[in-house]
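Hello,

Here is the structure I promised to pass on to you. Have a look at it first, and then read on for what turned up.

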Amino acid sequence: MTDRSEARAADGIYRDHAPQFRIGQRVRTVHGVGVVEFVSSSNAMQSPLYTVAIDSRMKLRLLERDLQPE
């Protein structure tokens, strides 16, 4: 199996299920603990995309694989 086909297979895992996190839920990221403020979809990654507020000055857009429940 080539690297490209392995990457496509791994991306399929994230594409085929409903969003796991909901608005208002506390989550842990590599940048700290934050709150999910908005859930959208990434056409490029074919995956849910979350806007997470770490504090009042920092909001990040992250994929589901970058988040863990708090």
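Let me start with phenylalanine 21, which is buried, with a relative accessible area of 4%. Please keep in mind that this is a predicted model.

Phenylalanine 21 has a partner: a search of the whole structure finds one aromatic pair. Its members are phenylalanine 21 and tyrosine 50, and with ring centres 5.6 Å apart and planes at 80 degrees, the pair is edge-to-face. Phenylalanine 21 sits in the loop between α1 (3-15) and β1 (26-29), while tyrosine 50 belongs to strand β3, so the pair ties together parts that are 29 residues apart in sequence.

Tyrosine 50 is buried too, with a relative accessible area of 0%. Opposite tyrosine 50 stands leucine 62 in β4. The strands β3 and β4 run antiparallel and are joined by five bridges.

Now for the sheet as a whole. It is open and has five strands in the order β4-β3-β2-β1-β5, with antiparallel pairing. At the edges are β4 and β5 (68-69), each with a single partner strand, so one side of each has no neighbour in the sheet.

Both rings of the aromatic pair also belong to the largest nonpolar core, which has nine residues: Phe21, Val27, Val36, Tyr50, Val52, Ile54, Leu60, Leu62 and Leu67. The elements giving two or more residues to this core are β3 (47-53) and β4 (59-63).

One more core member to look at is valine 27. Beyond its neighbours within four places in sequence, valine 27 has contacts that include Phe21, Val36, Val52 and Leu67.

Enjoy exploring!

Definitions and conventions. Residues are numbered from 1 along each chain as its sequence is written. This is a predicted model: local features need pLDDT of at least 70, side-chain atom pairs count only at pLDDT 80 or more; totals for chains, interfaces and linings use all residues. Side-chain values use heavy atoms; hydrogens and water are left out. A nonpolar core is a set of buried Ala, Val, Leu, Ile, Met, Phe, Trp, Tyr and Cys residues joined through side-chain atoms within 4.5 Å. Buried means under 20% relative accessible area, exposed over 50%, partly exposed in between (1.4 Å probe, protein chains only). Helices (H or I, at least four residues) and strands (E, at least two) are DSSP runs, numbered from the N terminus. Contact means heavy atoms within 4.5 Å. Rings of Phe, Tyr and Trp (its six-membered ring) pair if their centres lie within 6.5 Å; planes under 30 degrees apart count as stacked, over 60 as edge-to-face and the rest as tilted. Two strands pair if DSSP finds at least two bridges between them.
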